[in-house]
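Here is a short tour of one protein model, written for someone new to reading structures. Have the picture open and follow along.

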Amino acid sequence: MTLAHPPLTVDAGCKDPAMLDEWHVIGLTGDFTSGTLYPLRLLERDLVAWRDTRGVLHVWEDLCVHRGAPLSKGWVRDDHVVCPYHGWRYDGSARCTLMPAAPADRPMKKARTFPHPVEERYGLVWTTLGTPTAPVPAFAEWSDPSYHTVVCGPWEFRANGFRSLENFLDATHFPFVHNGTNGNADAPDVIPPYEVEVSEEGLVSSEIAVRQPEGDARGVPVISNYTYSVHRPLVGHLRKRMVDADADWNPVPGTEHFYTNLMTIQPVSEKECVLRVVAAFTMRPGPSDDEVRARLHVVFTEDQEIVERQRPERIPADLRFELHHRTDLMGQRYRQYLRSKKISYGII
Ligand code: FES
Ligand SMILES: [Fe+2]
């Protein structure tokens, strides 16, 4: 890992190269409009984002090189960020173009902000504090015309990001945490043995079948076959192959459809994170975008109640610290994957 520039603040946050070198989602494309400065936190670093009038999004350290004032407290003028302390102006290439106390002087070469790479993909904004070793993860449904996509979030959890992603990969909590929608507490699904394939690219499970009284935002009973995958430490994917069910849980022929989620988690600190999801589905007619978001809000609010209270807060990657059953295979493999990436931040 090479840092684009050394951390300049005393409390520079995460120093784990494995996490600094990841692409992290910090917002939805639509969250950032030109003319406004957006402060945000990633891995305990303060950043500022702003979009110029050409539509280009910039993500910088929230720090003026002159005397360390927070740029996010300044303002945007003529596609320049104006520092709130002495008014130095920075253009979209991160260069200082004006020092108001000496307007005739050409600003020093070193008078620059500290920018980070930005990519906008799938309606999400991705950035990195280091040098990524892999591209932004693929999400094939985004450009597949058989899928309708809905960009959703944010949901802020006072919880560890890995705990939160593991929750997304866990099919055995549905009847208890999501009773009445994703499962039934009075008739919990029995989870037959399933496989998790481990490769260089990450993890992929075989299908896990469950009965869901209201398996998606349409509110109808479905038999759902989940396939989970993980391709980056804080990015997960689930695919539900769903068949509508009748009152006796028999599949209704000709009703197969797919519902998928790309789950992204922004690690704000070791104990705080932000969830954002791109949902994609083939149901026609399907639920409205607002119905999809409202349904996810219900589900994640239920998850939040539990995940924020898990202890220890940082996920134990060492299997000896918790108890594991074969029905938790995905969670076990996820811990193994985190260990293989040599991640230390957010993990014990
Ligand atoms: S600290 Fe930014 S202009 Fe002085
Ligand atoms: Fe859940």
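## The iron site

The iron ion (ligand 2) sits in an irregular site, with angles of 55 to 146° among its four donor atoms. For four donors, tetrahedral would need all angles between 85 and 135 degrees, and square planar would need opposite donors over 155 degrees apart and all others between 65 and 115; six donors count as octahedral under that second rule, and anything else is irregular. Who holds the iron ion (ligand 2)? His 173 (NE2), His 178 (NE2) and Asp 303, which appears twice through OD atoms, coordinate it at 2.0 to 2.6 Å. Donors here are N, O and S atoms within 2.8 Å of the metal (3.2 Å for Na, K and Ca), and water is not among the atoms, so sites may look incomplete.

Along the sequence, the donor residues follow the spacing H-x4-H-x124-D. His 178 is in the loop between helix 3 (174-177) and strand 13 (196-199), while Asp 303 is in helix 4 (residues 289-307), so this pair ties together parts 125 residues apart in sequence. Helices (H or I, at least four residues) and strands (E, at least two) are DSSP runs, numbered from the N terminus.

## How the model was read

This is a predicted model: local features need pLDDT of at least 70, side-chain atom pairs count only at pLDDT 80 or more, and totals for chains, interfaces and linings use all residues. Residues are numbered from 1 along each chain as its sequence is written, chains are lettered from A and ligands numbered from 1 in the order in which they are written, and side-chain values use heavy atoms, leaving out hydrogens and water.

## Tucked-away residues

Are the iron-binding residues His 178 and Asp 303 buried or exposed? His 178 is buried at 1% relative accessible area, and Asp 303 is buried too, at 3%. Buried means under 20% relative accessible area, exposed over 50%, and partly exposed in between (1.4 Å probe, protein chains only).

Thr 264, found in strand 18 (residues 257-269), is also buried, with 1% relative accessible area. Beyond its neighbours within four places in sequence, Thr 264 is in contact (heavy atoms within 4.5 Å) with residues including Val 25, Leu 124 and Trp 126.

## The whole chain

The chain has five helices and 19 strands. Of its 348 residues, 50% count as buried. The C-alpha atoms fill a box of roughly 80 × 45 × 35 Å, taken along the principal axes.
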